[in-house]
Amino acid sequence: MRTDYSAGLVGLLEAILTDTANLSGALCVGSPELFDPPLPYEDAADTRYRHENAEALCHRCPVLERCRDWAAQRRTDGSVVAARSPRLPGRPRSGAA
Ligand code: SF4
């Protein structure tokens with residue numbers, strides 16, 4: 001996407017918001033710490049506990065499907081998004097024997 005800065009602040013905001021999903025009503029608002037990637041030196045059990053609680057919020061979220069569509073087009077940073085936790089070190093891959 002090419003941004004036209006000559007359109008001023010309104011044009012810049014329009015460019016930013018054009019590809020942004022409408023996630024109003026998202027249940028993660030106000031609880032970002034649950035969704036954050038593993039913290040340096042955080043115990044793996046603590047990360048898992050946070051992420052399980054984040055996933056539980058996502059499963060009750062009224063915009064889960066829109067969030068899932070939005071997340072499918074993006075690379076995540078290790079955060080929980082749309083009820084999906086990042087693969088943590090040491091966690092076996094799905095389908096691994
Ligand atoms: S599905 Fe989860 S990450 Fe997506 S908006 Fe809802 S609470 Fe937030």
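This passage describes the confidence, ligand shell, nonpolar core and one exposed position of a predicted model.

The protein has an average pLDDT of 85, and 82% of its residues score at least 70. Confidence varies among the elements: helix H3 has the highest mean pLDDT, at 96, whereas helix H1, which spans residues 8–18, has the lowest, at 78. Where pLDDT is low, the predicted coordinates should not be read in detail.

The ligand is surrounded by 13 residues, of which Ala26, Cys28, Cys58, Cys61 and Cys67 come nearest. The shell is made up of 13 nonpolar residues, with no polar and no charged residues. Two helices, H3 (44–59) and H4 (64–72), each contribute at least two residues to this shell.

The largest nonpolar core consists of six residues, namely Ala54, Cys58, Cys67, Val80, Val81 and Ala82. Cys58 and Cys67 thus appear in two settings, being members of this core and also among the residues that come nearest to the ligand. When neighbours within four places in sequence are left aside, Cys58 is in contact with Leu64, Ala82 and Ala83. Of these contacts of Cys58, Ala82 is itself part of the largest nonpolar core.

Glutamate 52 is also located in helix H3. This residue is classed as exposed because 12 other C-beta atoms lie within 10 Å of its own, and a residue with 12 or fewer counts as exposed. Glutamate 52 and serine 85 are separated by 33 residues in sequence, while their C-alpha atoms are 8.1 Å apart in space.

Notes: Residues numbered from 1 in each chain as written. Predicted model: local features only at pLDDT ≥ 70, side-chain atom pairs only at ≥ 80, totals over all residues. Near = placed C-beta within 6 Å. Helix = DSSP H or I, 4+ residues; strand = E, 2+ residues; numbered from the N terminus. Nonpolar A, V, L, I, M, F, W, Y, C, P; charged D, E, K, R; others polar. pLDDT = per-residue confidence, 0-100. Core = buried A, V, L, I, M, F, W, Y, C linked by C-beta atoms within 7 Å. Buried ≥ 20, exposed ≤ 12 C-beta atoms within 10 Å, placed from the backbone. Contact = placed C-beta atoms within 7 Å.
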